[in-house]
Structure formats: C-alpha cells, structure tokens
Amino acid sequence: MKLLPAFLSLLLATVALSQPAPRNIVLTVGEGELISFPEDISKVVVAEPKIADAIVVGPREVMVTAKGNGKTTLMIWEEGKAPARFEIQVRLDLTLTSDFNQTVQTELKRDLPEEGVQFTGNAETIVLTGAVKNAGNSKRAEAIARTHAKTVINLIELPKQTDPRQIMLQVKFASIDRAALSEIGFNYFSRNPKTLGALTTQQFQQPRISALQFQNQEFANTTINFADLLNMFAFRPDLNIGATIRALASQNLMQILAEPNLITVEGKEASFVAGGEFPFPILNATSTGGAISPVITVQFRPFGVQLGFTPTITDTGAIHLKVRPEVSSLDYSNAIALQGVQIPALVTRRAETEVVLKDGESFAIAGLIDNRVLQTVARIRGLGDIPVLGQLFRSRSTKKTTDELVVVITPKFVRPLSADEKAELPLMLESFQQTVKDIKAKKDKGKKQASSDKPQMVGSSGYQTPDKKK
C-alpha cells in the first residue's frame with residue numbers, strides 16, 4: 001500500500017515534465033504577435049477575449065492581438081503534443097494616454113473654467129470627480145467625457161439641495177374679435193288704390209297688407225301692418241307710398257376667455273384646460289367568421305382653452321418658461337357626416353415658446369389671427385338687373401371676421417401661508433344663515449338692542465338647580 005502514493009507522485013512529476021514551460025508575451029494595446037508551430041494546430045482558447053484575441057491565420061500559425069489593459073492566458077493544442085501555455089500581458093501606450101489626458105483636461109477647463117472637475121481613466125472608462133455649482137455643469141462635464149470614452153462614471157458632488165421654489169403663472173387669454181358687419185336691405189309698399197302692392201328683398205320682415213275688400217269696384221279697406229320698421233322709414237301720405245330701409249354697420253370688441261392662475265414646483269409641468277370634450281367616431285375593421293365587418297368606436301377629443309408650462313430657475317435667479325397655450329373651438333361649417341352622424345371640425349390656434357423672465361415681469365403672445373369674409377347677395381329678378389336703379393332692389397350682407405388671440409403671461413415666486421396666517425376666502429353676497437342678533441332685531445323692532453356680540457343660543461337653554469329644601 002505504501003507504493004501507491006509514491007507511484008502517483010512519480011506520475012504527476014512525469015506529466016509536469018512533459019508539459020512545456022509557459023511563455024510570457026508582453027504587448028501594448030493595439031499591437032499583435034504571430035506565433036508559429038511545427039505541427040498543425042487543433043484547438044485555441046483565450047481566457048479573457050476583452051484583453052487579447054487569438055485568430056488562427058493558418059494550419060500552424062496563430063495571430064495574437066492586444067485589445068485591453070490586463071493579463072490573460074492563451075492555450076494552444078498541437079497534434080500529438082501537450083498544450084502550450086502563453087501568459088499574455090497587455091499594457092497601455094503611455095504616449096497615447098498622455099495625449100488622451102491632455103485633450104480631455106483641456107476641454108474640461110475650456111468649457112468649465114470655474115469648476116474643479118477631475119477625471120481618471122482611459123478610452124474605455126472615465127471616472128469624473130470633484131464638485132460643481134449646479135446640476136447643469138455636472139451634465140455638461142459628463143457630456144464632454146462621453147465624447148472620449150465608452151463608459152462614463154459621474155461621481156461629481158453637487159451642492160446641498162434646498163426645497164424647490166414654487167412659481168405661480170398668471171395667464172390671461174383675450175380674444176379680439178374685429179368683426180365688421182354691413183347690411184343693406186329694402187322694402188317698398190304702396191296702399192294707393194291705383195298702385196297697390198309691395199316689393200321686398202326678403203332679407204328682413206316686410207310690411208304685410210291686410211285682406212283686400214272691394215265695394216263698387218273700388219278698394220273699401222286696405223291696411224298695412226309693420227313688424228319691423230328697420231332703421232329708416234319713409235311714407236308719403238298724399239301718394240300712399242312708403243319704404244323701409246336697413247343700412248347698418250357694427251363692430252365687435254375684445255372679450256376675456258380665461259384667467260387661470262397655476263402654481264407648480266420648479267422643473268415640474270403644470271397644465272390647465274377650460275372647455276370640454278366632443279365624441280369623435282373612428283371606423284375600424286374587424287374579422288368576424290372569416291369576413292371583415294366595420295366597427296365604430298368613439299374617442300373623446302378635447303377642445304377649449306388649454307395651457308401647459310414648465311418653469312425652471314436659472315443661475316441668475318430668473319425664471320425660464322416653456323409655455324404651450326392653445327385655444328380651440330368646434331367648427332360646424334367644415335363638419336363631415338359619417339353614417340348619419342355629424343362630426344364637427346376643430347379650429348385651433350396654438351403656440352409653443354421659451355422665454356426668460358424675472359419675478360413679476362410679463363410677456364404677450366399675439367398675432368394668432370383667424371380672418372374670414374362671408375358675403376351674401378340677393379336681388380329681385382328683373383328689377384335688380386336695371387342699371388343704377390337696380391341697386392334699390394338688391395340686398396347685400398358682408399361679414400368680415402378678424403379674430404385675434406392674445407395671451408399675456410406673468411410668472412411670480414410664491415410661498416405658502418404660515419400656520420399663523422389665515423387665508424382670505426371670498427365673501428358671500430348674502431349670508432347663508434341669519435345670526436341670533438338679526439333674529440332678535442326682527443322680533444324686537446323699535447326696542448334697544450343689546451350691544452353684546454357673544455354667541456347666544458336660540459330657543460330654550462340652560463339648566464335648573466335642584467331646591468335644597470325639598
């Protein structure tokens with residue numbers, strides 16, 4: 001039994017002596033070395049391909065390429081021989097590393113001259129350290145490092161965060177409607193027995209002649225009823241001829257659509273909608289039993305006055321605003337009909353902009369104009385075609401609409417009320433419930449009222465002390 005351990009030790013020593021000693025190869029990143037063998041190669045294995053790569057370029061040749069800094073092991077098997085072991089060490093090119101560090105450091109100093117940003121690493125990984133004044137400079141340093149390395153680890157320290165400030169946005173949506181309306185209409189009537197009749201453009205309510213009555217082949221009674229004298233009326237009693245004429249011009253003014261006040265924390269988005277949603281049918285196709293049949297689904301589309309904004313505070317204390325105001329309304333003049341359902345169109349005016357303002361400053365967005373012209377012309381056939389005089393037998397209505405949207409925005413810093421402060425609520429025009437003093441004043445009219453304003457009970461109240469004698 002003692003011969004067995006001795007035999008195993010001798011066997012292991014023989015195997016160790018049969019394997020060749022490992023060969024050391026030192027390379028720089030980007031370099032390579034060709035290894036040749038006297039016999040054909042059957043197998044090649046690299047422990048860490050990220051450090052070095054081995055490519056078989058021939059039956060008896062292997063090309064080793066250095067890829068990354070570090071150490072790895074390469075094993076190559078020849079036909080009928082023990083595997084050959086190669087210890088490969090890959091190191092960085094110090095000249096390239098120096099140029100790399102110089103380039104990155106120069107760019108950081110140029111773009112962030114007042115910040116103490118430091119870095120370590122190479123083209124594979126860069127680690128940023130140091131401290132900056134705000135998060136924007138930290139992101140900027142990280143962006144610079146990403147142009148030189150595949151991986152960037154940002155360990156830059158930021159100043160201690162304070163509670164974010166709250167910003168209130170006061171907005172006024174105003175619509176300036178410069179609509180100009182001009183109307184011309186004409187109604188002619190006569191109750192003269194020789195020329196009884198009426199002419200009208202039918203644009204407005206015309207005078208109505210009563211039922212005709214004849215006596216001895218002459219008109220016995222003829223009356224005219226006026227429903228609307230328009231704005232000009234003329235009558236000749238001696239001729240029994242008159243006319244009503246309308247010639248008007250009107251112009252609209254400005255109206256305030258909405259005045260929202262929104263409060264949000266810096267960097268967070270706030271939105272406002274004053275309007276509604278209308279159903280919008282959508283036609284889809286679905287397969288039923290091998291056939292395709294239409295299916296209508298309904299979606300709701302919003303319309304009205306909408307506002308979205310995102311405020312941020314700059315280094316100088318100003319407010320940077322990203323604002324998206326929008327005003328939309330239903331337009332039935334451009335509506336479409338789908339299977340008997342009328343779907344209105346949307347008239348939308350939208351703007352999106354970014355501005356920088358200080359606390360309390362205002363800016364306005366204008367120029368969102370909607371121009372429309374609608375003209376209606378009517379005439380009496382024949383009489384309306386007479387030159388010059390035909391103008392009296394025509395009616396014309398022209399409506400010009402110039403609707404301009406104006407948005408005035410004012411950002412302000414706000415703070416919440418403390419526990420000792422009380423918020424002022426809107427006062428009611430009429431009291432919800434009468435006080436005790438008012439009730440007594442109605443009951444005791446003419447009597448002197450008590451000057452005490454302390455709360456009092458209405459009706460029977462109090463308690464009774466029991467009589468000790470009983």
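Which residues does Asn137 touch, not counting residues up to four places away in sequence? In this predicted model, Asn137 touches Leu112, Glu115 and Val132 when residues up to four places away in sequence are not counted. The points below set out the surroundings of Asn137, a sheet of 3 strands, and the position of Asp163.

**Asn137 and its helix**
- Asn137 belongs to helix H3, which covers residues 135-146.
- The relative accessible area of Asn137 is 17%, and because buried means under 20%, Asn137 counts as buried.

**The sheet E2-E5-E4**
- An open sheet is formed by 3 strands in the order E2-E5-E4, with antiparallel pairing.
- Strand E2 (32-36) and strand E4 (52-58) are the edge strands, and each of them pairs on one side only.
- On average, neighbouring strands of this sheet are turned by 25° against each other, with direction ignored.
- Between E2 and strand E5 (residues 61-66), the antiparallel pairing extends over 5 bridges.
- Glu33 has Val64 in E5 standing opposite.
- In general, strands of a sheet pair through backbone hydrogen bonds, in either a parallel or an antiparallel sense.

**Asp163 and its loop**
- Asp163 lies in the loop that runs between strand E10 (151-154) and strand E11 (166-177).
- Asp163 has a relative accessibility of 70%; because exposed means over 50%, Asp163 counts as exposed.
- Along the chain, Asp163 and Val265 are 102 residues apart, while their C-alpha atoms are separated by 9.6 Å.

Technical notes:
Residues numbered from 1 in each chain as written. Predicted model: local features only at pLDDT ≥ 70, side-chain atom pairs only at ≥ 80, totals over all residues. Heavy atoms only, no water. Helix = DSSP H or I, 4+ residues; strand = E, 2+ residues; numbered from the N terminus. Buried < 20%, exposed > 50% of the residue type's maximum accessible area, 1.4 Å probe, protein only. Pairing = 2+ DSSP bridges. Axes fitted to C-alpha atoms, helices over the stretch in contact; angles between N-to-C directions. Contact = heavy atoms within 4.5 Å.
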